[in-house]
Amino acid sequence: MTTPATPPGYTAPASPNAAGAREEGALGRGFERTHVWVFDLDNTLYPADCNLFLQVDQRMGEFIARLLGVPFAYARHLQKTYYRQFGTTLSGLMQVHGMDPKPFLDYVHDIDLTPVREHPELAAAIDKLPGRKLIFTNGSRRHAERVADKLGVLRCFETIFDICDANYVPKPTASCYQHFCRAHGVEATQSAMFEDIPRNLEAPHALGMTTVLVRSNANHDHPLQQMIRAWVEPPVHVHHMTFDLAAFLEGLAGTSPVASTHVTDLARADAEPKSLEVNAPFGHAGAPPAPADSKGTA
Ligand SMILES: [Mg+2]
């Protein structure tokens with residue numbers, strides 16, 4: 001882990017399309033004010049085609065079947081139902097069954113990390129970003145440390161805010177992001193959030209963060225991916241998108257602040273920060289429906 005660096009004056013993509021940013025003309029926020037870089041872990045820092053979540057997904061079903069003494073198929077049904085209803089399967093198990101979260105997290109994250117390969121280009125690109133860098137995950141700290149270490153990026157980050165730190169209130173719950181900001185002295189309007197799940201960017205957008213959706217061609221038939229592909233244009237809470245996080249960050253590091261005016265400060269009323277009620281429901285009028293299945297979180 002590194003000590004936060006003093007942010008220099010800042011930067012944005014030289015070309016709106018080169019790094020996967022929104023099409024020129026689309027409005028959103030840029031990165032001129034970004035001093036804090038916040039990254040989801042699963043399917044964001046490592047590519048979704050590692051399919052780590054297949055292992056986690058399987059182990060969640062196994063754990064629930066044993067915990068409740070129900071057939072595996074029914075455990076899977078509960079797993080998906082709780083994900084949709086409570087934001088994460090873990091949250092549902094805690095609220096409905098009063099489950100102790102620690103054994104669950106230890107079990108579901110006890111996975112084989114062989115598919116995760118070292119990514120020196122990503123580490124170098126993160127190192128070039130000006131300011132603080134943090135991991136914000138619905139998983140456990142131990143899982144995040146193991147995966148980030150395997151990627152070779154753990155040293156890039158000041159700290160990890162995990163589901164335990166969040167008092168087991170997961171993204172996309174609005175209060176979870178407010179808790180994160182308070183805990184680490186993060187000013188949302190000077191921050192950028194990177195995520196692979198669109199609804200997890202709704203609260204960051206409302207708080208004033210710049211948002212980046214990290215996309216993938218893996219899991220092509222997953223309802224979440226089908227939903228994203230169906231967008232005529234990204235919803236308002238998705239300011240930028242990329243299929244290649246390292247390239248996107250590298251593009252940010254080498255560009256001029258002047259070029260960023262295409263994505264920021266262009267008087268889009270709904271791009272301005274809004275206050276959030278604690279535990280306010282997520283979503284807005286233009287938001288797509290929540291995915292019908294879980295992906296990348298516990
Ligand atoms: Mg994720």
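Buried residues make up 44% of the 298 residues in this protein; buried here takes 20 or more other C-beta atoms within 10 Å of a residue's own, exposed takes 12 or fewer, partly exposed is in between, and the C-beta atoms are placed from the backbone. Keep in mind that this is a predicted model: local features need pLDDT of at least 70, side-chain atom pairs count only at pLDDT 80 or more, and totals for chains, interfaces and linings use all residues. Numbering starts from 1 along each chain as its sequence is written.

**Overall make-up**

- The protein has 10 helices and six strands, taken as DSSP runs numbered from the N terminus (helices are H or I with at least four residues, strands are E with at least two).
- Of the contacts with a separation of 6 or more, 77% are between residues 24 or more positions apart; a contact means C-beta atoms, placed from the backbone, within 7 Å.

**The sheet**

- Six strands form an open sheet in the order 3-2-1-4-5-6, with parallel pairing; two strands pair if DSSP finds at least two bridges between them.
- Strand 3 (159-161) and strand 6 (240-242) sit at the edges with a single partner strand each, so each has one side without a neighbour in the sheet.
- On average, neighbouring strands of this sheet are turned by 25° against each other, direction ignored.
- At one of those edges, strand 5 (residues 210-214) pairs with strand 6 in the parallel sense over three bridges, and L213 stands opposite M241 in strand 6.
- Helix 7 (residues 174-184) lies across strand 2 and strand 3 and runs at about 150° to strand 3; angles run from 0 to 180 degrees between N-to-C directions, and axes are lines fitted to C-alpha atoms, for helices over the stretch in contact.

**Helix 1 against helix 4**

- Helix 1 (residues 52-68) and helix 4 (residues 101-108) pack at about 140°, with their axes 9 Å apart.
- That angle makes helix 1 oblique to helix 4 (under 35 degrees is roughly parallel, over 145 roughly antiparallel, 65 to 115 roughly perpendicular, and the rest oblique).
- The crossing of helix 1 past helix 4 is right-handed, as opposed to left-handed (right-handed if the near helix is turned clockwise from the far one by less than a right angle, left-handed if anticlockwise).
- Helix 1 brings V56, R59, M60 and F63 to the contact, while helix 4 brings F104, Y107 and V108.
- By class, that gives six nonpolar, no polar and one charged residues (Ala, Val, Leu, Ile, Met, Phe, Trp, Tyr, Cys and Pro are nonpolar; Asp, Glu, Lys and Arg are charged; the others, Gly among them, are polar).

**Helix 3 and its surroundings**

- Helix 2 (72-86) packs against helix 3 at about 95°, with the axes 7 Å apart, and the two are therefore roughly perpendicular to each other.
- The contact uses Q79, Y82, Y83, Q85 and F86 of helix 2, plus T89, S91, G92, L93 and Q95 of helix 3.
- This contact of helix 2 with helix 3 counts four nonpolar, six polar and no charged residues.
- In helix 3 (residues 89-97), T89, L90, S91, G92 and L93 are buried, and their cover includes helix 1, helix 2 and helix 4.
- Just after helix 3, G98 takes a positive phi of about 65°.

**A buried loop glycine**

- G139 belongs to the loop between strand 2 (132-136) and helix 6 (141-151).
- G139 counts as buried because it has 26 C-beta neighbours inside 10 Å.
- G139 and P170 are 31 residues apart along the chain, and their C-alpha atoms are separated by 9.0 Å.

Terms used. Two residues are in contact if their C-beta atoms, placed from the backbone, lie within 7 Å.
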